[in-house]
Amino acid sequence: MDISLNWIKDFVDLPSKLSAQELGELLTRHTAEVEGVKDLKKSYENMVLGKVTSLKKHPDADKLKLAKVDIGQSKDVQIVCGGQNLEEGMLVAVALPGSKVRWHGEGELVELKETKIRGEKSFGMICAGEEIGLETDNPKGASEVRIKDLSHLKAKAGTPLHKALHKDDVVLDIDNKSLTHRPDLWGHYGIAREFSAILEKPLKTLKEELKYKEGKRSARPKAQIKNDELCPRFSMAIVKGVKVGPSPQWMQSRLEAAGMNPINNIVDITNYVMLELGQPMHAYDRQVVGSDELIVRCAKKGEKLTALDEQEYTLHPEDPIVCNKKDEPLGIAGIKGGLKSGINADTNELILEAANWDKVMVRKASARIGLRTDASQRFEKGLDPSMTELAIQRALNLIQQLCPEAEVVSPIVTTGKWKAKTLKINLNAASVISKIGMDIPKTEMKRILKALDFKVSGSGEKLTVEVPSHRATGDVSLEEDLVEEIARIHGYDKIPAILPDLPIKLPHENEESFHKHTAREIMAHQLGFTELMNYSFYSKERLEKCGLSEEGHFKILNYLSEDQTHMRTSLTPNILAKISENSREFANMRVFEIGRNYKDTGNYMPTEQKWLVAAVVQKGEAFYEAKGAMQAFLAAFRTPKPQFKVAKTKLPYAHPKKSLGVLVRGQEIGQVFTVHPGVLKAFDIEQDVAIFALHFNALVEAGRPKVSFKEPAKFPGMEMDISVLVEERKTVEELKKAIQKSDKSNIIQSIRLFDTYSGKGIPDGQKSLSFRMELQHPERTLTDEEFTVAQEAIFLALEQIGATIRGKGN
Amino acid sequence: MRAHFSMKKELQQLEKDALASIKGSASYEELKDAEREFLGKKGALTGLLKGLKDKSIEEKKSFGKAANEVKKRLEGTFEARNKQIEREQIDAAIENDWLDLTAPGTQQATGNIHPLYQVQKEVERIFQEMGFTVVDGPEVESEYYNFEGLNIPAHHPARDMQDTFFIDKPSHKEEGRLVLRTHTSPNQVRAMRKYGAPLRIVVPGRVFRNEALDASHEHTFDQVEGFMIDTHISIAHLKGVMQEFLSRLFHKEMKVRFRPGYFPFVEPGIELDMSCVFCSGKGCKVCKKTGWIEFMGCGMIHPKVLESGGVDPKKYQGWAFGFGLTRLVMMLYGINDIRYLTSGDLRINKQF
């Protein structure tokens with residue numbers, strides 16, 4: 001919202017020693033955020049109002065004239081000008097050398113210099129509207145060039161242009177969001193009240209502004225409110241003898257400063273009242289309305305109305321409207337007036353309306369219709385119903401200023417169920433001090449509240465505070481609300497920074513949050529994986545690429561784009577998409593993500609689980625890389641005795657023959673698998689991808705066993721290497737079991753596969769596996785004989801399951 | 001006696017000669033020869049001892065002792081010289097060794113933690129040191145916890161400020177529709193219900209807004225919620241804790257300033273600015289010459305929110321805050337486009 005400082009000065013004296021910037025800063029620190037400060041006169045530097053005293057043709061150019069212009073100095077100056085509407089005696093905008101204008105209203109600002117045009121001196125230029133940021137008289141494509149005629153201004157030649165145009169104003173741009181809870185700040189008077197409290201300067205009461213002269217009563221307006229909840233208060237008055245025309249420059253300038261376009265004197269007055277008091281108004285053409293009785297009701301289904309913006313709106317049964325006595329809709333209440341009954345050039349009788357509308361109903365209607373206006377924005381916040389009469393009074397006052405011949409022919413008639421209520425809050429001074437955390441004298445608390453129009457009574461610690469009606473529509477109702485008033489006006493800057501003096505209390509332990517960081521450290525810094533952070537959703541197309549069914553997915557009702565429609569039930573699809581995107585740049589990748597999935601398990605809320613999913617991307621079988629990384633992870637994470645078994649859960653995106661389940665205490669908590677080649681193809685990935693996925697919550701729940709210390713063996717052990725030839729599909733597990741079983745005297749400490757080979761030198765359909773065993777007796781050195789016995793037993797066991805021992809004599 | 005005297009002299013001479021010989025040996029061979037010459041079976045010392053044959057027992061004893069000492073000393077010297085030669089030979093042998101020191105080291109797997117989680121960890125650490133518990137809550141949340149419980153009733157204008165994603169599911173009688181949480185604040189009520197007061201909690205986590213994507217707007221980003229409740233917790237404490245937190249996070253003295261702000265779940269509502277980390281408050285491009293950077297919304301927890309959480313507002317009071325972790329990360333690393341963080345482009349992720 002744009003706030004004119006000149007307007008504020010109507011109600012409170014702003015110290016001249018404070019710059020506009022500083023005033024803006026004050027408001028930001030005590031009331032609401034000022035996002036920008038705009039000095040309107042900056043655009044009119046080195047420009048004056050000039051009076052054309054004589055005109056001559058340019059001797060050397062057909063379309064140019066030589067103008068002698070009075071610019072308030074002892075001698076008139078000569079300016080070359082091409083404006084075809086230029087006349088002697090006209091008041092014009094003169095941009096003197098040094099000023100900056102926008103040529104023909106286009107491009108960057110250009111600084112003027114004293115110059116000669118076709119041999120004739122020109123001291124600056126006479127400007128068209130668009131060249132100095134005023135309304136243009138040169139519509140696109142017009143053949144004539146018209147300069148801005150300012151003859152209507154009541155100022156002498158030589159007056160600085162910003163003064164003549166009433167542009168000697170500074171505008172504060174306030175962030176609307178910071179006014180969400182403050183209906184009282186949607187007009188200049190409310191902001192002036194804040195300045196008054198902050199600066200400790202008196203606020204001028206509205207007395208003169210509300211005065212008007214009532215003429216001979218010849219009418220009495222009436223309102224019929226069919227829905228009391230919708231309209232708590234509705235005020236009206238009737239005026240005759242109005243002449244519609246442009247409003248005076250001072251009013252236009254105020255409206256422009258506050259960001260509104262002037263339209264005509266009557267509409268401008270209603271807007272002026274809204275900008276001043278925050279109360280939107282409407283003026284109807286009484287003759288078009290055809291009755292002095294207005295009906296307030298909700299629209300009927302399918303009812304239509306063409307509004308002032310010339311758009312036709314189809315109304316919803318809950319939309320609030322105002323109708324004439326014939327029940328014809330005149331406007332959408334609280335949002336926008338109708339075109340037909342609006343003010344036009346021929347209007348001379350008015351029905352003025354200032355009403356209070358229910359904030360929720362206006363808000364809903366505005367959202368439904370898709371029309372957010374200056375009025376609806378204000379009603380949505382919950383305006384003070386007592387303002388309706390004041391607004392009518394102010395409007396009548398302004399109408400009589402601008403149209404002295406206008407006659408108020410009715411009393412102000414107010415209808416509605418609303419009754420003024422007093423809202424009192426008990427305020428405990430000690431509680432204020434405790435919540436703010438600093439000592440604020442009670443006199444200061446009282447001063448602040450009074451400056452904001454609260455009534456304060458009582459003495460000692462307990463005060464009684466009466467809330468003024470403009471703060472009583474929901475904004476202030478609790479002691480805490482008063483704490484805010486005191487804290488902000490006293491100044492947040494004055495509050496000291498203090499660390500709380502609290503007893504030591506250990507935080508509740510959160511293993512999961514702690515171990516998420518541990519897991520990241522292991523994955524990134526020990527195992528060399530890079531972390532990804534993907535969205536929580538994906539598209540139907542993507543889930544189908546992974547062979548997932550839509551079932552079990554939570555869908556987003558109002559999704560932003562087609563590729564973000566379903567909440568992910570697995571992290572894998574988005575990881576595969578990122579692998580695909582990166583695969584042009586990187587042939588080999590190790591990536592991981594820790595994040596949640598969301599599954600519809602039939603309850604109201606989804607089941608949210610945290611998963612760690614890691615992928616190895618390389619040319620050729622990636623399974624063992626992924627399995628090795630997972631085993632290393634589980635070891636580093638100190639997972640208790642993980643076991644591996646053919647996967648129980650069939651993942652649709654996993655290779656059916658290359659999926660291994662990870663079990664902890666008999667429960668499958670994850671899998672390691674090669675991605676299904678069909679899925680890789682769908683994602684356009686040429687490399688092999690193997691993934692391990694661990695249910696992180698289960699992993700953390702499994703706990704981390706205590707390490708029990710074992711003394712290292714005192715006696716040297718012996719190593720035994722054995723290579724065997726076996727049939728291709730014989731598993732390592734089978735051979736290991738056979739070796740283990742052969743060990744009757746319990747001396748084999750470990751069995752490790754250290755080489756796998758097939759190809760040259762190995763018969764077709766077979767492979768060579770090499771194991772290294774560590775043999776050791778717990779109490780003494782192993783004898784050669786024991787070693788030999790063990791070896792024989794191993795050979796026998798392996799041969800029994802069909803292995804051929806390589807390199808064995810004979 | 002004279003003979004004895006001369007034998008001792010000879011022994012001295014022998015030691016002197018042997019030492020010179022050891023010193024002069026440049027190789028193992030020369031050293032071995034010298035050892036043999038002086039200490040060998042047929043060496044000089046043995047020869048000298050042979051001359052003792054005819055001497056008295058006393059003389060034998062006394063000379064024998066002296067000769068043994070010389071022998072020990074020489075043996076030690078031979079050993080030392082032997083080691084020295086060994087080292088000299090190694091030194092000589094590697095004199096011509098060469099390695100291309102510019103060639104890269106053997107490749108090791110190196111990975112990277114996403115910057116968001118690096119900063120999250122640091123934030124958690126600092127608050128934990130101040131006695132805060134870290135918790136999290138559901139990302140798919142009910143309207144009740146996301147709005148009503150936080151004093152944001154239906155049709156409250158504040159719902160406009162947070163464009164909400166809704167889940168395509170029927171509404172629940174008490175809890176309302178399901179939404180993607182628009183802030184981490186629902187955990188205020190959840191934590192109060194779970195732990196009761198007094199309380200010190202931080203909640204980092206992912207939040208969602210139905211906002212079009214551009215360089216500074218994401219529909220998915222991370223926040224950190226924090227709150228402290230006790231019988232006497234004040235706005236002054238909020239200033240103190242945040243100033244301390246930021247100073248630790250940025251490793252320099254930070255200042256905070258408060259401005260009025262509006263959030264329905266706090267009263268008073270406050271906007272917190274921090275002194276600009278880049279210019280220390282002198283004014284620069286980042287802080288738009290103001291010396292301050294908008295950091296977060298905060299305030300005293302609204303009594304209605306305390307009530308939602310089952311905490312008695314007459315007995316307890318406290319503050320809450322919520323800041324954008326994603327924005328903080330962008331600021332810390334100078335990331336100019338929020339979309340980079342979720343891009344998954346390894347050329348980006350591998351920088352951290």
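**Close-up views of chains A and B**

**Figure 1. A buried arginine of chain A and its partners in both chains of the predicted model.** A polar contact of 2.6 Å joins the side chain of A:Arg596 to that of A:Glu608, and the side chain of A:Arg596 also makes a polar contact, at 3.1 Å, with the side chain of B:Glu139. A:Arg596 belongs to strand S31 of chain A, which covers residues 589-599. With a relative accessible area of 10%, A:Arg596 falls under the 20% limit and therefore counts as buried. When neighbours within four places in sequence are left aside, the residues of chain A in contact with A:Arg596 are A:Arg568, A:Leu571, A:Glu608, A:Gln609 and A:Lys610. From chain B, the contacts of A:Arg596 are B:Asp136, B:Gly137, B:Pro138, B:Glu139 and B:Arg181.

**Figure 2. Helix H16 of chain A, residues 572-582.** Of the 11 residues in helix H16 of chain A, 10 are buried, so this helix is largely enclosed by the rest of the structure. The buried residues of H16(A) include A:Thr572, A:Pro573, A:Asn574, A:Ile575 and A:Leu576, and among them are also A:Ala577, A:Lys578, A:Ile579, A:Ser580 and A:Asn582.

**Figure 3. The side-chain pair of A:Glu444 and A:His490.** A:Glu444 is placed in helix H12 of chain A, which runs over residues 442-451. The relative accessible area of A:Glu444 is 16%, and the residue counts as buried. Its side chain makes a polar contact of 3.0 Å with the side chain of A:His490.

**Figure 4. A:Thr464 in strand S27 of chain A and the residues it touches.** Strand S27 of chain A covers residues 462-467 and holds A:Thr464, a residue that is partly exposed, with a relative accessible area of 26%. Although A:Thr464 and A:Asn426 stand 38 residues apart in sequence, their C-alpha atoms are 4.7 Å apart in space. Not counting residues up to four places away in sequence, A:Thr464 touches A:Lys424, A:Ile425 and A:Asn426, and likewise A:Lys455, A:Val456 and A:Ser457.

**Figure 5. Two cis peptide bonds that lead into prolines of chain B.** The peptide bond from B:Ala197 to B:Pro198 is cis, with omega near -5°, and B:Pro198 is found in the loop between helix H8 (186-195) and strand S4 (199-208) of chain B. The peptide bond from B:Glu267 to B:Pro268 is likewise cis, with omega near -5°, but here the proline, B:Pro268, is found in strand S7 of chain B, residues 266-275.

**Figure 6. Loop lysines with positive phi values in chains A and B.** In chain A, phi of A:Lys641 is near 35°, a positive value in a residue other than glycine. A:Lys641 is found in the loop that connects helix H17 (623-636) and strand S33 (643-646) of chain A, and this lysine is exposed, with a relative accessible area of 75%. In chain B, phi of B:Lys289 is near 65°, again a positive value in a residue other than glycine. B:Lys289 lies in the loop between S7 and strand S8 (292-301) of chain B, where it counts as exposed at 69% relative accessibility.

**Figure 7. Chain A as the setting for its close-up views.** Chain A has 21 helices and 40 strands. Its radius of gyration is 42 Å, well over the 28 Å that the globule rule gives for 810 residues, so chain A is more spread out than a compact globule. The C-alpha trace of chain A spans about 130 × 80 × 60 Å along its principal axes, and 53% of the 810 residues are buried. Among contacts in chain A between residues at least 6 apart in sequence, 69% join residues at least 24 apart. The chain carries 116 positive and 115 negative side chains, with the centres of the two sets 2 Å apart.

**Figure 8. Chain B as the setting for its close-up views.** The secondary structure of chain B comprises 13 helices and 9 strands. The radius of gyration of chain B is 42 Å, well over the 20 Å that the globule rule gives for 352 residues, so this chain is more spread out than a compact globule. Along its principal axes the C-alpha trace of chain B spans about 125 × 50 × 50 Å, and 55% of the 352 residues count as buried. Chain B exposes about 17,200 Å², of which carbon and sulfur atoms supply 51%. There are 51 positive and 49 negative side chains in chain B, and the centres of these two sets lie 7 Å apart.

Technical notes:
Residues are numbered from 1 along each chain as its sequence is written. Chains are lettered from A and ligands numbered from 1 in the order in which they are written. This is a predicted model: local features need pLDDT of at least 70, side-chain atom pairs count only at pLDDT 80 or more; totals for chains, interfaces and linings use all residues. Side-chain values use heavy atoms; hydrogens and water are left out. Helices (H or I, at least four residues) and strands (E, at least two) are DSSP runs, numbered from the N terminus. The radius of gyration is taken over C-alpha atoms; the globule rule is 2.2 Å times the number of residues to the power 0.38. Buried means under 20% relative accessible area, exposed over 50%, partly exposed in between (1.4 Å probe, protein chains only). Accessible areas come from the Shrake-Rupley method with a 1.4 Å probe; for residues, only the protein chains shown count as cover. Lys and Arg count as positive and Asp and Glu as negative; His and the chain ends are not counted. The place of a charge is taken as NZ of Lys, CZ of Arg, CG of Asp or CD of Glu. A polar contact is a pair of N or O atoms within 3.5 Å; within protein, one must be able to donate a hydrogen and the other to accept it, and residues adjacent in sequence count only if both atoms are side-chain atoms. Contact means heavy atoms within 4.5 Å.
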